[in-house]
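Me: I would like to go through this model in questions and answers. Please keep the replies short and end each on what was asked for.

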Amino acid sequence: MEKQETPDRVYKSPRQSAVETRFLLMPSQANPYGTAFGGAIVAEIDMVASMAAQRHCEGLVVTAGIDSIQFEQPIYIGDQVALRACVNYAGNTSMEVGVQVVRENPLRSESCVATTAHLTFVAIDETTRKPIAVPGLRPETEEEKRRYDNARRRVQRRKELRSKKDKRA
Ligand SMILES: CC(C)(COP(=O)(O)OP(=O)(O)OC[C@H]1O[C@@H](n2cnc3c(N)ncnc32)[C@H](O)[C@@H]1OP(=O)(O)O)[C@@H](O)C(=O)NCCC(=O)NCCS
């Protein structure tokens, strides 16, 4: 069911915190076969996603989980790597951020989605380092609403899995 907005909470749109960046894939970030080393791409994804989460809550965040990452296409040395991060969903203290990584080769006029990922960040208090409330998310476009609904279902599933795990422990 759609979460109702409350009057005492600040709401922000995904557009207000979205982050876009790009870099050139250098040999130091590649494996011996000349394509990107997965760990290097994960680090860039974590970085850009954390910036979007920080912009949403305007405070400190920690990565709580990287729940899905799909390496769909290789990225080659010399490719431009464009990353776009958007907050998909905001819970009470956590935010799900989606990242799309596009590989571009301007010399060959090529561009394709290489990697997609979903990450969860939790806002923490500067002093106590305990989770603190984040602004709500107000999706505006049809695409943002679709992402919000899908993210809400994933968040619910993750909570159920963690609670099952806790019961087993
Ligand atoms: C993330 C962290 C702050 C959560 O603290 P916690 O006391 O377990 O918090 P809670 O159980 O109260 O959960 C807080 C929120 O985080 C979410 N959450 C907690 N663990 C999560 C996980 N593994 N994946 C996704 N969400 C998670 C909860 O659902 C809750 O969301 P909500 O408030 O929006 O409903 C804590 O586990 C931590 O500090 N982890 C280490 C983070 C870190 O060092 N990251 C760097 C990577 S090495």
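Me: How far does a polar side-chain atom of threonine 93 lie from an oxygen atom of the ligand?
Reply: The model is predicted. Threonine 93 is one of the residues around the ligand. Its polar side-chain atom and an oxygen atom of the ligand are separated by 2.7 Å.

Me: Which residue has a side-chain N or O atom 2.7 Å from an oxygen atom of the ligand, and how much of the ligand does the protein bury?
Reply: The side chain of arginine 162 places an N or O atom 2.7 Å from a ligand oxygen. Taken alone, the ligand exposes 940 Å². The residue is arginine 162, and the buried part is 50%.

Me: Which atom of the ligand lies 3.5 Å from the backbone of alanine 64?
Reply: Alanine 64 belongs to the residues around the ligand. Here a backbone N or O atom is involved, and its partner in the ligand is a nitrogen atom.

Me: Which element gives the most to the shell around the ligand?
Reply: Strand 3 (60-71), strand 6 (110-124) and helix 2 (142-168) each supply at least two residues. The shell divides into four nonpolar, six polar and two charged residues. With three residues, the element that gives the most is strand 3.

Me: Is glycine 65 buried or exposed?
Reply: Glycine 65 is found in strand 3. Its C-alpha atom is 5.7 Å from that of leucine 119, although the two are 54 residues apart along the chain. Buried means under 20% relative accessible area. The relative accessibility of glycine 65 is 17%, so this residue counts as buried.

Me: How many residues apart in sequence are the parts that the aromatic pair ties together?
Reply: A search of the whole structure finds one aromatic pair. Tyrosine 89 and tyrosine 148 form this pair, which is tilted, with 5.1 Å centre to centre and 50 degrees between the planes. Both tyrosine 89 and tyrosine 148 are buried. Tyrosine 89 lies in strand 4 (residues 80-90) and tyrosine 148 in helix 2, so the separation in sequence is 59 residues.

Me: How far apart are the end C-alpha atoms of helix 1?
Reply: Helix 1 (residues 38-57) has 20 residues, and at 1.5 Å a residue it should span 28 Å. Its buried residues include Ile41, Ile45, Val48 and Ala52. The distance between the end C-alpha atoms agrees with the expected span, at 29 Å.

Me: What phi does glutamate 58 take?
Reply: Glutamate 58 comes just after helix 1. Its phi is positive, at about 55 degrees.

Terms used: Residues are numbered from 1 along each chain as its sequence is written. This is a predicted model: local features need pLDDT of at least 70, side-chain atom pairs count only at pLDDT 80 or more; totals for chains, interfaces and linings use all residues. Side-chain values use heavy atoms; hydrogens and water are left out. A residue is near a molecule or strand if one of its heavy atoms lies within 4 Å of it. A polar contact is a pair of N or O atoms within 3.5 Å; within protein, one must be able to donate a hydrogen and the other to accept it, and residues adjacent in sequence count only if both atoms are side-chain atoms. Accessible areas come from the Shrake-Rupley method with a 1.4 Å probe; for residues, only the protein chains shown count as cover. Helices (H or I, at least four residues) and strands (E, at least two) are DSSP runs, numbered from the N terminus. Ala, Val, Leu, Ile, Met, Phe, Trp, Tyr, Cys and Pro count as nonpolar, Asp, Glu, Lys and Arg as charged, and the others, Gly among them, as polar. Rings of Phe, Tyr and Trp (its six-membered ring) pair if their centres lie within 6.5 Å; planes under 30 degrees apart count as stacked, over 60 as edge-to-face and the rest as tilted. Buried means under 20% relative accessible area, exposed over 50%, partly exposed in between (1.4 Å probe, protein chains only). The expected span of a helix is 1.5 Å times one less than its number of residues.
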